[in-house]
Amino acid sequence: MAFLEASGIVKRFANHLALNDVNISVPDNSIYGLLGPNGAGKTTLIRIINKITGPDEGTLLLNGKPISNSDVMKIGYLPEERGLYKKMKVGEQAVYLARLKGLSRNDALKRLKYWFEKFEIQGWWDKKVEELSKGMAQKVQFIVTILHEPQLLIFDEPFSGFDPVNATLLKEEILELKKKGATIIFSTHNMSSVEELCDHITLINNGKAMIEGPTEKIRRSYRQNLVHIDFSEEPEEVEKILKSNFELRSLKSVNNHFEAQVKINEEQSLNQVLSGIMNHCTIHSCQELLPSMNDVFIQVVNQKEQPSQNQDS
Amino acid sequence: MSKISLIIEREYLSRIRKKSFIVMSILGPILFAALMVVPAWLASMEDDEVKTIAVIDHTNLYSGQIEDTELLKFEFLQENAEETVRNEFKESGYYAYLVIQDNLLEQPDAIKLYSDSQITMDAKGYVQRSLREHLKSQKLQSYEVDGLENIVSDLNQIDINISTVKIGDDGSEKQSSAELTMFVSMAFAFLSYMFIFIYGTQVMRGVMEEKTSRIVEVIISSVKPFQLMMGKILGIAMVALTQILLWAVLTILIVTGVKAAFFPDSEMPTRAQTQIEMMQGQNPEAAEQMASMEEGFNFNSILEMVNSLEPLKTLLLFIFYFFGGYLLYSALFAAIGGAIDHESDQQQFMLPITIPIIISLYVAMMTFRNPGSDVAFWFSMIPFTSPIVMMARIPFDVPLWQLMLSMALLVGGFLFTTWFAGKIYRVGILMYGKKVDYKELWKWFRYSGD
């Protein structure tokens, strides 16, 4: 059963439709990617899940039951626009925000001690937030988000503002949280940053869910039967063979190697390509190219925009 | 612990720990105390330098008519001395010199006082008074009526001193003081005005701080926007109360402390007394009036008069109206803070809030003169103006039904504004980078959302 199930969500603002009949179903203990360009409606959907705003239509089920105000305690939310009280001390502020999420003061202190030690930031406790760098403040905010051990974690643009070292640290922590049983939703327009983490994704554009499903399945279904071959020796011969039997997309020479991209049709396979050329050259590597989520997204948007105009008319 | 009390706690603690709050809490009472003590201190420090004024009288009518005082000496010089005095003024040691050109009964402006420094009001006033007295008696003599001088001095003795007595419902009489009543009502109206403005603005700034630092989204994922708004408003209200209390206590401490240190035996001169002393130097008639008013302030009767104002009832009403007014306006201030992105945008929205507050203060000023007027009545009913105008009326006794009606309307008023503001606030705090106008606010208000 899905941990979070949103069906038929519609949200209208004064002069535009922010969400148009969006359905998502987040499996328990998964990492779920909510992908789409800026202004697609991701943040609106997240705010609805957080009960910050209500939907105009549609239902939202958490563990099979309509989401209630007390369920908010089971959610940890890191908004895209990060923010803390600038004049408040780090420790005091963390305790305050934890207590707003329902922790007692003692629990909050105990857990904060653990996390501050883990991130090696004990020295920040009595600093004011305005004295911290942006990255440091983000770390504090991350701790605050997960401190009450929520079952559902929602990260809006999680890696923006983190340097690579801290981004890696964050990824590890998030995977750790998943291991402990949390369900995680990522929302981002930067698809390459999360695609290797996400089990499931939904692509949102213009307030509509364009495509939903397990990441691998989606990438497979959008594959374009491209194979990549890295070889050396006799490029002319290889080129001739590849051109005559398949569709050769490109052939480049890189440091005494050659890289070819070949499109095959549905009946052909990578084996056929290899057997065609293996007697003429040394093959270093070969792989079937799966499209990145970025490619999938561009494809989906282009595909659906043009036909949809015809459908509507 | 409920969430709203957590928010109140944070708003309260983070504000009273601020340096500006501590500085204000200390500076305020020092200022108040200074207002009471410094004039008295200055009066006791008045310079005791003896000043000599040369008099050159071209008419020879007035020689010897200005008597020396302790601090002012007059030397009547020869007519031809004017040139010498003018040329050697610095060396002569005179403070000033007076030149009379003509008969002052015919030419009142034929007299000039010269000096190289600004002549004090005291010196000028003394010369003027002395010559006026002399001219008056000259004029009286010119009527050639026997005993006229006695008649006139008899007339000057006539004075009345009205005591105002308030009749209670049970027919009991209480001495009251119109001056004290007026002072109290003015003080209350002004306090309400000041605090609504200062703390209303603090609410607005607090909301803006949360919005611009973007923490608001984190918080409203834990609490309802309305809880956040009310928590802030109530937290700041408690800050205001703390401030008032601190000011009152510290002012009393400082004043009694200063009194003990500098005026251990005598009663400390009050500000009014000092003013009387200063005025006696210039304007005896006004000073007499002040003195008769001052009699009302002697300690024997002051207690009875304070009692006639029913301090407990007044205080409770003050707290009620202060809170009502504060709640009513601070909700609107919160809505503005939520709607705008930059402090520079606040102008257009502040105006409609500021106008009723300022009008209330004007009406309150009129109320001191005529507390029962229609204008005072209506403005003490309208919730937007009643917190200030009603406070100005209360010392003058307001019929119970009017008080009840006004209080009920005020409660209704702030329930309405907090409901109204809450709707705008909730949408506004999540809107960034949008140019907001009244049409937009109206849209937000009507927008159902939740």
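**Exercise 1. Determine what share of chain B is buried, and describe the make-up of the chain.**

Solution. In this predicted model, chain B has 450 residues, of which 28% count as buried. Next, take the secondary structure: chain B holds 18 helices and six strands. Then look at the contacts with a separation of 6 or more: in chain B, 70% of them come from residues 24 or more positions apart. Last, the domains. The assignment for chain B places 3-37 + 179-260 + 301-446 in domain 1 and 51-143 in domain 2. The C-alpha centres of these two domains of chain B are 57 Å apart.

**Exercise 2. Do the same for chain A.**

Solution. Chain A has 313 residues, and buried residues make up 36% of them. Its secondary structure consists of nine helices and 14 strands. The C-alpha trace of chain A spans about 75 × 55 × 35 Å along its principal axes. Among contacts in chain A with a separation of 6 or more, 70% involve residues 24 or more positions apart. Chain A is split into domain 1, residues 2-220, and domain 2, residues 224-289. Between the centres of domain 1 and domain 2 of chain A, taken over C-alpha atoms, there are 44 Å.

**Exercise 3. Decide whether Leu153(A) is buried or exposed, and list its contacts.**

Solution. Start with the location: Leu153(A) belongs to strand β7 of chain A, residues 152-156. Now apply the cut-off, under which a residue is buried if 20 or more other C-beta atoms lie within 10 Å of its own. Leu153(A) has 23 C-beta neighbours inside 10 Å and therefore counts as buried. Leaving out residues up to four places away in sequence, Leu153(A) touches Gly76(A), Ile146(A), Leu177(A), Ala182(A) and Ile184(A). Of these contacts, take Gly76(A). Leu153(A) and Gly76(A) are 77 residues apart in sequence, but their C-alpha atoms are 4.7 Å apart in space.

**Exercise 4. Describe the side of chain B that touches chain A.**

Solution. First count the residues: the contact takes 17 from chain B and 20 from chain A. Then assign them to helices. On the side of chain B that touches chain A, α1 (3-16) and α8 (216-220) each supply at least two residues. Finally, sort the residues on this side of chain B by type: six are nonpolar, five polar and six charged.

**Exercise 5. Find where the buried residues of α1(B) lie around the helix axis.**

Solution. Begin with the length. Helix α1(B) has 14 residues and reaches 20 Å from its first C-alpha to its last, close to the 20 Å expected at 1.5 Å a residue. The buried residues of α1(B) are Ile7(B), Ile8(B), Arg10(B), Glu11(B), Ser14(B) and Arg15(B). These residues cover an arc of only 160° around the axis, so they are on the same side of α1(B).

**Exercise 6. Compare the span of α14(B) with the expected value, and locate its kink.**

Solution. Helix α14 of chain B, residues 347-369, has 23 residues. From its first C-alpha to its last, α14(B) reaches 34 Å, close to the 33 Å expected at 1.5 Å a residue. The kink in α14(B) is about 30° and lies at Ile353(B), shortly before the proline Pro356(B). To complete the description, note the buried residues in α14(B): Phe349(B), Ser360(B), Val363(B), Ala364(B) and Thr367(B).

Key
Residues numbered from 1 in each chain as written. Chains lettered and ligands numbered in written order. Predicted model: local features only at pLDDT ≥ 70, side-chain atom pairs only at ≥ 80, totals over all residues. Domains from an automatic or database assignment. Contact = placed C-beta atoms within 7 Å. Helix = DSSP H or I, 4+ residues; strand = E, 2+ residues; numbered from the N terminus. Nonpolar A, V, L, I, M, F, W, Y, C, P; charged D, E, K, R; others polar. Expected span 1.5 Å × (residues − 1). Bend = angle between axes of the 7 residues up to and from the residue. Buried ≥ 20, exposed ≤ 12 C-beta atoms within 10 Å, placed from the backbone. Arc of directions from axis to C-beta.
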